[in-house]
Each structure stands twice: as C-alpha cells, then as structure tokens.
Amino acid sequence: DSRNGKSGFGAPFFVVRNEATGEHVVGGLEWSGNWAIELTSEHRSGNDAWLHVRMGPTARSPQRILSPGETVETPTAHLGLLQDDFDGAIQAWHGHLRRSVLLPMLKDREHLVCYNHWGYTEHRVSEESLKFEADVAADLGVELFIVDAGWFGDVDSDWWSALGDWTPGDRLPNGLEPVFDHARANGLLCGLWFDLERMSPLSRAGAAHPDFALKVYGRPTGWHDLDLTNPSVARHLEEAAASAIERYRLDLFRLDYNTESYGGGQTERDGYQENTHWRYVQAAHDLYDRLRARFPHIVMENCAGGGSRTDLGFMRRFHYTQATDWQAAPRCIRIFNGQSLALPPERLDMKAGMGMHGHLRGDLDFTMRSCMFGHLTLIGFYPAPGEANAMQLDRVRHHVRVYKERIRPLLSDCRMVHHTPTLPGAEPGGWAAWELASEDRSRAVIGVFRLAGPGSDAFHLTVRGIDAGRRYRVTLDNENETFTRDGADLKREGLTVGLRRPLTSELITLEAAPHG
C-alpha cells in the first residue's frame with residue numbers, strides 16, 4: 001500500500017507465482033493517490049489453490065459524496081493470468097501496457113538523450129551558468145536541455161519559497177529567453193521544470209490566493225499543497241503552465257511533486273466533510289489531459305520527488321517518469337531492477353553524472369550503464385569552463401553513442417529479461433544482469449553489474465532473447481573485444497563475465513550476422 005498522499009515510491013503493482021502449476025498473476029491499479037492491494041492465497045487440496053485479489057483507493061471516509069444524478073467511475077484495475085515463466089509474464093505485462101495504457105511516444109522524439117542543469121548549479125542559477133550547462137550538453141551529444149528548479153526565484157530565495165511564481169525572478173533579469181535561444185543555437189530542444197501543484201505562502205501567487213491551499217480540518221497542510229478539487233485552482237494552474245509553454249516555446253514539460261499530503265484534506269459537500277483524495281486525483285488527471293490536448297507536440301516528463309508517481313494513472317498521461325532521486329550505486333541498480341518489472345524500461349528515466357547522489361560510488365562506466373537501459377538523462381559533468389576532464393568526457397560521449405546506436409533502437413518494443421529478478425536489501429550485494437532483446441531476435445544488449453561487498457569475480461548467464469538458429473557478433477564494451485558465437489551455444493552454454501572488484505560493470509551487445 002501507499003498512504004503518503006500519492007501512489008508512492010512503490011507502484012501499485014504485483015506479480016504472484018503459483019509454485020504448484022507455474023502460473024503467474026500480474027496486476028496493477030491505475031490510481032495516483034493512496035491505495036491498498038490485498039492478496040490472499042487459499043489452498044484447498046492437492047494443487048488446487050485460489051488467489052483472492054482486492055485493490056482500490058484508500059483514504060479517510062467518506063471518500064466520495066455523490067450528488068443526485070452524479071456518476072463516478074472507479075479506478076481501472078489490470079489483471080493477467082499467464083501460463084508462462086516469470087520473464088514471459090513480465091514481457092506480456094509490458095506489451096499490454098504499451099498497447100493499451102501508456103501514452104504513445106511522440107514521433108521523432110522517442111527516447112531523446114536529455115541533460116538536466118541541476119548537477120553543480122542547483123537552484124543558484126544565472127544566465128551565464130545555464131548557457132554554460134547548455135554548451136556542456138551539446139558537447140556530449142545531448143538532444144534536449146532541461147532547466148530545473150530555481151528559474152523562477154530571486155537571488156536571495158530558495159526554490160521552494162517561490163513556488164507558484166512561474167515567471168523568472170531577479171536571478172534571471174533577462175528571463176529564460178536568452179538561455180533557450182542559446183540552447184537552440186546549439187541544436188538542442190528545450191524543457192522546463194514545474195512543481196505545479198504546490199504554492200508557497202511566501203510567493204506572490206500564494207499571498208494573492210490563500211484560499212487555494214489544501215486544508216486539513218480547516219488548516220493548511222504545511223507542504224504548500226493546493227486544493228485541486230477547487231475548479232478555480234485547476235484553471236489557475238492550467239493557465240500558468242500554458243503561459244510558460246507558449247512564452248518559451250517549450251519542447252518538454254517536467255512535472256515535479258515534492259509533497260506528502262498523507263490522509264488528504266476535507267471539503268464540505270452536501271453537509272458532509274468529504275476527503276479530497278479521490279476528486280484530487282481525478283482533477284489532476286484531467287488537468288494534464290487538457291494541457292496535453294492543448295500542446296500535443298510537447299514531451300511530458302513525470303518526476304514527482306524522484307519516482308513517487310509511477311502509477312498507471314500518471315503514466316497514461318506522461319511519456320516517461322524519473323525512477324529515483326537516489327542514483328548512488330548499488331541502490332540505483334535495485335531500484336531500476338524492480339521498477340522495470342512494473343513499467344517497461346524505456347519509460348524509466350535515470351540520471352547519470354554529478355547529482356542525485358550518482359557521483360558517490362562506482363566508476364564512470366557503472367554510473368553511465370546503470371542509466372542506459374531506460375530513458376537516459378545526463379546531469380553535471382564539470383562545474384565551470386576550464387575544469388573538464390577530457391578522458392572522462394570522451395568516455396561519456398562513447399556511452400551516449402552506444403545508447404543512441406545500440407540500445408535506443410531496441411527500446412520501444414524490446415523484450416526485457418531480468419536475469420536477477422530480486423535484489424534483497426537497500427544496498428544489495430552480489431550481481432545484477434539485464435537483457436534487452438529486439439522483437440525479431442536479431443539484436444540484444446546485456447548489462448552485467450557487480451554490486452557491493454565481497455564475492456565471486458565471475459558471473460555466468462545464458463542469453464535468452466536471441467535465435468538459436470543464427471550466428472551473432474558479440475562485443476564486450478570494456479575492452480572493445482568482438483567475437484562470433486552461434487545462437488544455440490549462447491542460449492545453452494552462455495557467457496561468463498569477469499569483474500575483479502565491486503561496483504564495476506560490463507556491457508555486452510549482440511548483433512545477428514546476415515543470413516547466408
């Protein structure tokens with residue numbers, strides 16, 4: 001369950017295996033507020049077992065007061081009973097989500113390599129610092145530049161104290177236009193960050209609209225939450241976002257949600273104090289549906305405090321989601337390993353570089369590869385002109401090329417194999433391995449990660465997403481070594497990867513040789 005006011009850092013998703021029959025049940029709830037899923041196994045006799053599933057939104061009662069003639073639709077539940085192994089069940093789940101739930105990717109803007117300015121600069125932005133970050137992005141082969149939090153505040157303010165004032169303060173006296181003009185001159189598309197559903201009482205907007213605050217027993221929550229069940233609030237937020245999108249000709253809208261409203265607020269309705277959660281979620285979904293209808297060209301990026309709205313309700317409305325704010329090894333591997341069960345890997349954004357703790361542990365190859373099996377974003381590689389490490393940047397460019405040429409072409413319809421489906425502990429040890437394979441089995445890419453602590457120097461795996469009747473060109477990225485192997489041998493005998501110390505990795509690519 002999640003009861004912190006949003007779907008939380010664990011998605012409303014489950015997978016259960018019947019150990020007697022090998023069946024798998026996969027399920028998820030299309031809901032962006034508090035939720036609970038209850039699973040009960042009833043063993044009757046022999047191999048006869050029943051699985052009882054109960055799922056839905058949860059909040060203080062009453063959750064919904066219906067007026068005469070009013071109708072309401074309950075959240076959509078997704079369930080699959082599959083006669084398949086674990087990987088087959090997850091691949092079927094991913095296929096269902098791509099076909100029937102997830103927002104289709106924009107043509108010619110699929111899986112763009114992004115750069116987020118936050119790394120070294122954080123919210124102490126200036127026109128000069130942002131132009132410098134755009135130059136770094138272009139030099140690394142990035143395609144879209146994102147200005148994150150702080151663009152709307154004054155020099156002496158923190159970003160959270162100016163929430164709601166979605167226009168530049170005196171940090172950027174010339175506005176954002178010169179920054180985005182500079183980025184576009186470098187061939188970059190442009191995106192901008194919003195924590196749209198919050199409004200600080202210290203901001204100009206907050207002072208003008210104290211009635212917009214979400215209230216618990218008559219008092220504001222303290223998290224700067226807004227009462228989106230109030231139609232005036234929803235209209236205000238839509239126009240504020242639309243104004244910025246039009247003014248800056250944005251290519252990407254990045255939505256954060258740094259709050260935890262827990263039990264929600266209350267509004268009086270027909271003589272009762274109705275809990276706000278249900279109507280709030282519905283109003284939030286409607287708000288972003290309207291924005292997307294007004295600006296169908298724009299990439300919608302979901303952040304939500306680093307992965308706390310990865311539910312299918314939001315993923316029906318956003319092209320991809322940030323998976324975590326905790327990019328430090330080895331925890332980042334565990335997070336992506338689990339999140340890529342609930343969502344297809346290309347819908348999970350991971351950030352490589354200085355920021356989100358990713359610079360703390362592991363070598364550069366580990367850091368980059370931990371982010372390359374989903375949606376790749378770079379964030380901070382050196383703080384100022386003249387402070388670059390040329391060897392480091394050459395290696396970053398190499399990984400960006402590998403992502404564009406070998407991984408990105410697979411992503412939209414890849415079949416993912418989790419060679420290590422469970423990684424116990426917040427800071428897991430041992431090994432992790434992922435495989436992405438093309439639908440026609442002609443190509444695959446495998447990431448192998450040695451995690452924390454002492455252990456074996458070798459990891460063995462059998463390749464699962466290829467054709468036994470073909471021959472493959474295999475490349476080991478660490479030493480740029482290439483050899484050929486029969487698909488049958490790779491599936492039966494497999495590969496052994498050697499890594500002599502923790503927090504290192506290997507990237508393996510396989511390409512089928514032409515027939516004949």
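This briefing covers the nonpolar cores, a surface patch and the salt bridges of one structure. The model is predicted. Its largest nonpolar core has 114 residues. The salt bridge count comes to 42.

**Nonpolar cores**

- Within the 114-residue core, the residues with the most contacts are Trp151, Leu196, Phe253, Tyr288 and Leu378.
- Helix H6 (residues 231-248) supplies the largest share of this core, with nine residues.
- Another core lies apart from it and has 19 residues. Ala433, Leu461, Val474 and Leu495 are among them.
- Tyr288 has contacts beyond its neighbours within four places in sequence. Its partners there are Leu196, Glu197, Phe253, Leu255, Met300, Phe314 and Phe318.
- Two of these partners, Leu196 and Phe253, are also listed with Tyr288 for the most contacts inside the largest core.

**Surface patch**

- Leu39, Leu51, Val53 and Leu79 form a nonpolar patch on the surface. Together they have about 310 Å² of accessible area.
- Val53 sits in strand E4, which spans residues 48-57.
- Val53 counts as partly exposed because its relative accessibility is 32%, and the partly exposed class runs between 20% and 50%.

**Salt bridges between helices H6 and H7**

- Glu238 forms a salt bridge with Arg290, with the closest N and O atoms 2.7 Å apart.
- This pair links distant parts of the chain. Arg290 is in helix H7 (residues 277-294), Glu238 is in helix H6, and they are 52 residues apart.
- Glu238 also meets Arg294 in a salt bridge, at 3.1 Å from N to O.
- Arg294 lies in helix H7 and Glu238 in helix H6, so this pair ties together parts that are 56 residues apart in sequence.
- Glu238 is buried, at 9% relative accessible area.
- Arg290 is partly exposed at 33%, and Arg294 is partly exposed at 36%.

**Other salt bridges**

- Arg450 pairs with Asp457 in a salt bridge, and their closest N and O atoms are 2.8 Å apart.
- Here the arginine is the buried partner: Arg450 has a relative accessible area of 5%. Asp457 is partly exposed, at 38%.
- Arg64, Glu70, Arg269, Glu274 and Arg279 belong to one network, joined by salt bridges that share partners.

Definitions and conventions. Residues numbered from 1 in each chain as written. Predicted model: local features only at pLDDT ≥ 70, side-chain atom pairs only at ≥ 80, totals over all residues. Heavy atoms only, no water. Core = buried A, V, L, I, M, F, W, Y, C linked by side-chain atoms within 4.5 Å. Buried < 20%, exposed > 50% of the residue type's maximum accessible area, 1.4 Å probe, protein only. Helix = DSSP H or I, 4+ residues; strand = E, 2+ residues; numbered from the N terminus. Contact = heavy atoms within 4.5 Å. Patch = residues over 30% accessible without salt bridge, like charges linked within 9 Å, V, L, I, M, F, W, Y side chains within 5 Å. Areas by Shrake-Rupley, 256 points an atom, 1.4 Å probe, with all protein chains shown as cover. Salt bridge = Lys/Arg side-chain N within 4 Å of Asp/Glu carboxyl O.
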